Amino acid sequence: MREAINSWFSVHEDNVWELCIQLNVDLEKMPIEDHSIEWREEISPYLPVARLRIARQPAWTEIRSRAIDDGLSFSPWHALAAHQPLGNVMRARRVAYPASVEFRRMFSGCPLNEPRSADEVLGN
């Protein structure tokens with residue numbers, strides 16, 4: 001799989017993904033706390049809000065993998081307060097993310113950093 005992804009990104013000049021959102025327009029039909037209820041597109045269609053463009057580049061290298069996999073953490077709460085996740089499932093995940101980060105840090109022995117740019121991640 002890694003080879004296929006590297007191959008794709010090395011030959012395609014411009015890779016584009018459209019990012020869409022679904023607005024909550026009816027709390028009765030689109031509850032935030034009940035994830036078993038599908039938010040139907042007839043009620044609130046997906047709206048494009050951005051396009052992510054990634055230029056041709058190596059998708060995976062050993063150096064990048066070490067820097068990113070061992071040196072970074074992910075949390076949906078690394079955002080503005082207005083953009084933080086909602087709902088009970090996301091509140092439960094908020095506890096799991098730091099525990100996972102701490103386990104990885106202890107297991108790998110690598111400190112985790114919060115870079116401010118891609119150059120910091122890749123050591124450029």
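Where is the place of Q22 in the protein? Q22 lies in the loop between β1 and β2, the latter strand spanning residues 47-55. The model under discussion is a predicted one, and the following paragraphs proceed from the overall architecture to individual residues.

The secondary structure of the protein consists of four helices and two strands. Along the sequence these elements follow the pattern α-β-β-α-α-α. The radius of gyration of the protein is 19 Å, well over the 14 Å that the globule rule gives for 124 residues, so the protein is more spread out than a compact globule. Taken along the principal axes, the C-alpha atoms fill a box of roughly 50 × 40 × 25 Å.

Burial, surface and contacts may be considered next. Of the 124 residues of the protein, 14% count as buried. The accessible surface comes to about 9700 Å², and carbon and sulfur atoms account for 58% of that surface. Among contacts between residues at least 6 apart in sequence, 63% join residues at least 24 apart. As for charge, the protein has 14 positive and 18 negative charges, and the mean positions of these two sets are 4 Å apart.

The first strand offers a suitable entry to the residue level. N15 is found in strand β1, which covers residues 14-21. N15 has a relative accessible area of 4%. This residue counts as buried because its value is under 20%. The side chain of N15 is joined to the side chain of W8 by a polar contact of 2.7 Å. With residues up to four places away in sequence left out, N15 touches W8, F9, L52, R53 and I54. Of these partners, L52, R53 and I54 fall within β2, given that this strand comprises residues 47-55.

The loop between β1 and β2 contains Q22, and also H35 and I37. Is Q22 buried or exposed? Q22 is buried, with a relative accessible area of 17%. Two polar contacts involve the side chain of Q22. In one, a polar atom of the Q22 side chain lies 2.9 Å from the backbone oxygen of W39. In the other, the side chain of Q22 meets the side chain of Y46 at 3.5 Å. Both W39 and Y46 are also among the residues that Q22 touches beyond four places in sequence, together with R40, E41, S44 and P45.

H35, in this loop, is partly exposed, with a relative accessible area of 47%. Which residues are in contact with H35 once its neighbours within four places in sequence are left aside? The contacts of H35 are with N88 and V89. The C-alpha atom of H35 is separated by 8.5 Å from that of G87, although the two residues are 52 places apart along the chain.

I37 has its place in the loop between β1 and β2 as well. I37 is partly exposed, at a relative accessible area of 36%. Not counting residues up to four places away in sequence, I37 touches K29 and P31. The C-alpha atoms of I37 and L47 are separated by 20 Å, with their positions 10 residues apart in the numbering.

The last residue to be considered belongs to a helix. S65 is found in helix α2, which runs over residues 62-71. The relative accessibility of S65 is 14%, and the residue therefore counts as buried. Beyond residues up to four places away in sequence, S65 touches W60 and D70. Of these, D70 lies within the residue range of α2. S65 and S117 are 52 residues apart in sequence, and their C-alpha atoms are 16 Å apart in space.

Taken together, these residues illustrate both buried and partly exposed positions. N15 in β1 is buried, as are Q22 in the loop and S65 in α2. H35 and I37, by contrast, are partly exposed.

Notes:
Residues are numbered from 1 along each chain as its sequence is written. This is a predicted model: local features need pLDDT of at least 70, side-chain atom pairs count only at pLDDT 80 or more; totals for chains, interfaces and linings use all residues. Side-chain values use heavy atoms; hydrogens and water are left out. The radius of gyration is taken over C-alpha atoms; the globule rule is 2.2 Å times the number of residues to the power 0.38. Buried means under 20% relative accessible area, exposed over 50%, partly exposed in between (1.4 Å probe, protein chains only). Contact means heavy atoms within 4.5 Å. Accessible areas come from the Shrake-Rupley method with a 1.4 Å probe; for residues, only the protein chains shown count as cover. Lys and Arg count as positive and Asp and Glu as negative; His and the chain ends are not counted. The place of a charge is taken as NZ of Lys, CZ of Arg, CG of Asp or CD of Glu. A polar contact is a pair of N or O atoms within 3.5 Å; within protein, one must be able to donate a hydrogen and the other to accept it, and residues adjacent in sequence count only if both atoms are side-chain atoms.
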